[in-house]
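Here is a short note on the structure shown below. Please keep it open while reading the points.

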Amino acid sequence: SDSHFPVPISPSHVDYSVHYPQLCLSSDSINSKKVEFADIGCGFGGLLISLATLFPETLMIGMELRDKVTEYVKERIVALRKANPGRYQNVSVVRTNSMKYIPNYFQKGQLSKMFFLFPDPHFKEKNHRRRVISPHLLDEYAYALRVGGIIYTITDVEELGEWMNSCLDGHPMFEALTQEELDADPVVNLLSSATEEGQKVSRNGGQTFQAIYRRITPLS
Ligand code: SAM
């Protein structure tokens with residue numbers, strides 16, 4: 001339960017020296033640099049590991065509720081750092097309940113990318129309030145994302161895909177990327193190819209449904 005992990009009382013209370021120790025030691029750039037990518041419900045961390053080398057200058061973090069899965073990702077990062085000196089210093093993971101604590105971790109406009117990849121579907125209507133994409137939670141994500149920042153969602157559950165798309169479509173602070181923009185974004189292919197869930201779905205020949213939106217300033 002939540003009582004087993006610490007929660008920072010505000011974003012300025014997050015101790016980044018724990019997450020990015022080498023960056024904290026080697027320069028003071030960490031003081032000006034902030035985490036920009038958040039992978040929510042990161043699972044085993046496949047996406048983050050790919051992003052870490054694709055965006056070596058960007059700090060990124062996974063948020064994961066399950067203790068053992070979080071520990072696995074931590075160990076995975078430690079091993080990669082050992083085997084590849086100087087690399088993977090920009091990636092970390094934290095155990096937390098993202099549905100409650102995103103505002104404790106990120107300041108207004110801090111993030112440039114948020115990922116919600118293959119989230120739990122919570123099929124029953126009475127459980128829709130547990131879905132990680134909802135009109136209410138999108139308000140929080142819009143707050144944490146900078147204008148121009150991008151929210152990536154993907155699922156193999158068609159009904160959930162429609163739900164995430166309609167929540168984003170109905171929100172005044174998000175607009176869908178055009179097909180051209182999707183084609184030009186190298187991250188889009190990773191949603192399936194780099195995540196453990198996405199790989200499972202492709203092995204089984206399953207379909208996926210994605211909704212990728214940009215944070216905008218609403219017209220007044
Ligand atoms: N994104 C990964 C992927 O695509 O391979 C993992 C997908 S997995 C089906 C969903 C993950 O979300 C699980 O690891 C689960 O523990 C995590 N999760 C569910 N609810 C969460 C919450 N409230 N906060 C953080 N993580 C959560």
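**Notes on the fold and the annotated sites**

1. Strand 4 is a good place to start. Six of the seven residues of strand 4 are buried, so the strand is mostly covered. Keep in mind that the model is a predicted one.

2. Two neighbours flank strand 4. On one side, strand 4 (residues 111-117) pairs with strand 5 in the parallel sense, over six bridges. Strand 1 (residues 35-40) also pairs with strand 4 in the parallel sense, here over three bridges. Which residue of strand 4 is the bridge partner of Ala38? The partner is Met114. Met114 in turn has Ile151 of strand 5 as a bridge partner. One position further along, Phe115 has Tyr152 of strand 5 as its bridge partner.

3. The connection from strand 4 to strand 5 includes a helix. Strand 4, helix 7 (residues 135-144) and strand 5 together form a β-α-β unit, and this unit is right-handed.

4. Is strand 5 largely enclosed or largely open? Strand 5 covers residues 145-155, and eight of these eleven residues are buried, so the rest of the structure largely encloses it. Besides strand 4, strand 5 has another partner: strand 7 (residues 209-215) pairs with strand 5 over six bridges, in the antiparallel sense. Within that pairing, Tyr152 stands opposite Ile212 of strand 7. Tyr152 is also the bridge partner of Phe115, which links this row of residues back to strand 4.

5. The pairings belong to one sheet. Seven strands form an open sheet in the order 3-2-1-4-5-7-6, and the pairing is mixed. Strand 3 (91-95) and strand 6 (174-176) are the edge strands, each pairing on one side only. From one strand to the next, the twist averages 20°. As general background, side chains in a regular strand alternate between the two faces of the sheet.

6. On the other side of strand 1 comes strand 2 (residues 59-64). Strand 1 and strand 2 run parallel and are joined by five bridges. Ala38 stands opposite Ile61 of strand 2, and Ala38 also has Met114 of strand 4 as a bridge partner. Helix 8 (residues 158-169) packs on the sheet, where it touches strand 5, strand 6 and strand 7. The direction of helix 8 makes about 15° with that of strand 7.

7. How many helices and strands does the chain have? There are eleven helices and seven strands. The C-alpha atoms fill a box of roughly 45 × 45 × 40 Å along the principal axes. A compact globule of 220 residues would have a radius of gyration near 17 Å, and the value for this chain, 17 Å, agrees with that. Of the 220 residues, 34% count as buried. Among contacts with a separation of 6 or more, 76% are between residues 24 or more positions apart.

8. Some positions carry annotations. An unreviewed UniProt entry gives the feature "binding site" at Gly41, Glu64, Leu65, Asn97, Ser98, Leu117, Thr195, Glu196 and Glu197. One of these, Leu117, is found in strand 4. Leu117 has 25 other C-beta atoms within 10 Å and is therefore buried. Apart from neighbours within four places in sequence, Leu117 is in contact with Leu47, Ile154, Leu191, Thr195 and Glu197. Thr195 and Glu197 are themselves among the positions that UniProt lists under "binding site".

9. Glu196, another of the listed "binding site" positions, lies in helix 11 (residues 196-203). Is Glu196 buried or partly exposed? Glu196 has 14 C-beta neighbours inside 10 Å, so it counts as partly exposed. Leaving out neighbours within four places in sequence, Glu196 is in contact with Gly43, Phe44 and Gly46.

10. Finally, UniProt, again in an unreviewed entry, lists Asp120 under "active site". Where does Asp120 lie? Asp120 is in the loop between strand 4 and helix 7. With 14 C-beta neighbours inside 10 Å, Asp120 counts as partly exposed.

Notes: Residues numbered from 1 in each chain as written. Predicted model: local features only at pLDDT ≥ 70, side-chain atom pairs only at ≥ 80, totals over all residues. Buried ≥ 20, exposed ≤ 12 C-beta atoms within 10 Å, placed from the backbone. Helix = DSSP H or I, 4+ residues; strand = E, 2+ residues; numbered from the N terminus. Pairing = 2+ DSSP bridges. Right-handed = clockwise from strand over helix to strand, strands pointing away. Rg over C-alpha atoms; globule rule 2.2 N^0.38 Å. Contact = placed C-beta atoms within 7 Å. Axes fitted to C-alpha atoms, helices over the stretch in contact; angles between N-to-C directions. UniProt positions renumbered as here; feature names shortened; annotations may be inferred.
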